[in-house]
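Welcome, and please open your viewer with the chain loaded. We will go from stop to stop, selecting residues as we go.

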Amino acid sequence: MSDTMHVSGTVPPRSPQQLRLNRNQIGPPRPRLGPSVRREFVHRPLIDDILVTSWRRRDATHFSLTAQWPHDHGYFTPNRGRHPLILTGETIRQAGLLISHAELGVPLGHHFILEDLVYTTHPEHLTVESGPTLLTIDVTCSRLRMRAGAMAGGRFDMTIRKAGRIVATGHSDVTVTSPAVYRRIRGDRLTARRALGPLPTPVPPQKTGSVHDSDVLLSPTDRPDRWLLRIAPGHAAVVNPANDHVPGMALLDAAQQAARALTSPESFVPYAFGTDFRRYAEHGSPCVIEARRLPSALPSTTTVQVTGSQNGHPVFVSTLTALDVRS
């Protein structure tokens with residue numbers, strides 16, 4: 001699964017001060033604390049979707065970052081008064097991209113293939129407040145593969161804290177490819193885009209925990225545990241029209257919606273989320289989403305596995321674990 005944004009550019013300078021853009025250069029954002037981070041460095045076209053606010057290098061493989069979680073975002077809406085689980089995954093994704101571009105020499109325009117994204121949250125520290133939630137992130141890089149002074153792949157382990165308390169821990173493994181290699185990998189599919197025709201019928205939003213029909217990424221089938229991926233316009237935080245394939249964050253959100261639809265959006269509030277990405281989810285080909293309960297290793301928890309497949313081949317496998325709300 002690739003997470004890309006087509007931006008031209010050269011290897012950015014190594015000084016963090018040189019890498020930050022003044023807010024006035026990138027349009028008037030909503031009020032934020034701390035310096036803004038360039039949109040290209042986190043592959044986000046909209047200012048309001050940028051979560052990471054600053055960074056500094058501690059040594060060759062350790063970095064400290066700051067981030068903000070919005071309390072009033074148009075897509076990352078609270079669930080039972082807590083920040084949504086997928087917000088942690090997006091934070092890990094952005095932090096890894098930022099470090100790759102700003103500190104590990106990856107040029108803008110290179111493509112990131114996300115191999116996995118695994119994280120566990122501490123729900124008691126995820127309470128939404130009246131303003132943005134301020135966070136710190138400790139990042140450790142390992143298994144780094146360097147080529148010509150730039151990272152070609154590696155692993156990012158992260159610990160996210162709020163006021164010194166651990167909010168979440170997680171990791172992601174990525175591979176980086178040049179535009180030329182990516183063109184060879186994608187071939188004719190490089191120009192594929194999401195069709196703009198009529199959308200299939202959505203699952204009722206209340207079944208997936210969504211607010212609006214436009215946020216629903218599932219279309220019903222004749223089975224209660226199977227759906228078709230529905231790429232609605234939604235919000236740019238999940239659906240980027242420039243992508244030549246279905247973005248990974250859309251697949252994560254579809255997995256979360258499927259787990260809720262199988263169980264209950266009110267009782268299934270996951271705290272742990274792990275996903276292995278097997279191949280690209282292509283535009284123009286039905287993507288089947290299936291969910292099933294798994295035996296839970298811990299008491300008072302529910303575990304659901306969600307798989308996505310196209311033409312009989314697995315695209316991703318997600319495992320979500322939720323606490324029993326009565327706990």
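The tour below begins with the whole chain, moves to the core and two helices, and ends with strands and loops.

**Ground rules**

This is a predicted model, in which local features need pLDDT of at least 70 and side-chain atom pairs count only at pLDDT 80 or more, while totals for chains, interfaces and linings use all residues. Residues are numbered from 1 along each chain as its sequence is written, and side-chain values use heavy atoms, with hydrogens and water left out.

**Stop 1: the whole chain**

Colour by secondary structure and you will find six helices and 13 strands. Helices (H or I, at least four residues) and strands (E, at least two) are DSSP runs, numbered from the N terminus. Next, try colouring by accessibility: of the 327 residues in the chain, 54% are buried. Buried means under 20% relative accessible area, exposed means over 50%, and partly exposed is in between, with a 1.4 Å probe and protein chains only. A contact here means heavy atoms within 4.5 Å. Among contacts between residues at least 6 apart in sequence, 66% join residues at least 24 apart.

**Stop 2: the nonpolar core**

Which members of the largest nonpolar core touch the most other members? Select Leu-65, Leu-98, Val-139, Phe-156, Leu-229, Ile-289 and Val-306, which hold that place among its 75 residues. A nonpolar core is a set of buried Ala, Val, Leu, Ile, Met, Phe, Trp, Tyr and Cys residues joined through side-chain atoms within 4.5 Å. In soluble globular proteins, nonpolar side chains tend to be buried together.

Keep Leu-98 selected and show its surroundings. Beyond its neighbours within four places in sequence, Leu-98 contacts Val-37, Phe-41, Val-42, Val-52, Trp-55, Leu-65 and Glu-103.

**Stop 3: helices α3 and α6**

Now select residues 85-102, which form helix α3. Its 18 residues should span 26 Å at 1.5 Å a residue, and the end C-alpha atoms are 27 Å apart, so the two values agree. The expected span is 1.5 Å times one less than the number of residues. As for burial, 18 of the 18 residues of α3 are buried.

Add helix α6, residues 248-262. The 15 residues of α6 should span 21 Å, and its end C-alpha atoms are 21 Å apart, which agrees. Of these residues, 14 of the 15 are buried, so α6 is largely enclosed by the rest of the structure.

How do the two helices run relative to each other, parallel or antiparallel? The axes of α3 and α6 come within 10 Å and cross at roughly 160 degrees; the pair is therefore roughly antiparallel. Axes are lines fitted to C-alpha atoms, for helices over the stretch in contact, and angles run from 0 to 180 degrees between N-to-C directions; over 145 degrees counts as roughly antiparallel. To see the contact, show Leu-85, Ile-86, Gly-89, Glu-90 and Arg-93 of α3 with Met-249, Leu-252, Asp-253 and Gln-256 of α6.

**Stop 4: three strand residues**

Start with Thr-275 in strand β10, residues 269-277. Thr-275 is buried, at a relative accessible area of 1%. Outside the residues up to four places away in sequence, Thr-275 touches Glu-115, Asp-116, Leu-117, Val-118, Leu-252, Phe-316, Val-317 and Ser-318. One of these, Leu-252, also takes part in the contact between α3 and α6.

Move to Thr-319 in strand β13, residues 313-323. Thr-319 is partly exposed, with a relative accessible area of 30%. Its C-alpha atom is separated by 5.8 Å from that of Phe-273, although the two are 46 residues apart along the chain. The residues that Thr-319 touches include Phe-273, Thr-303, Val-304 and Gln-305.

Then pick Arg-292 in strand β11, partly exposed at 47%. Arg-292 touches Leu-262, Thr-303, Val-304 and Gln-305, not counting residues up to four places away in sequence.

**Stop 5: the loops**

Most residues other than glycine have a negative phi. Select Ala-148, in the loop between β5 (133-147) and β6 (150-162). Ala-148 is not a glycine, yet has a positive phi of about 55 degrees, and is exposed at 87% relative accessibility.

Ser-300, in the loop between β11 (288-294) and β12 (301-310), has a positive phi of about 60 degrees. Ser-300 is partly exposed, at 44%.

Finish at Leu-196, in the loop between α4 (179-186) and α5 (205-208). Is Leu-196 buried or exposed? Leu-196 is exposed, with a relative accessible area of 72%. Its C-alpha atom and that of Ala-232, 36 residues apart along the chain, are separated by 9.3 Å.

Key
Angles under 35 degrees count as roughly parallel, over 145 as roughly antiparallel, 65 to 115 as roughly perpendicular and the rest as oblique.
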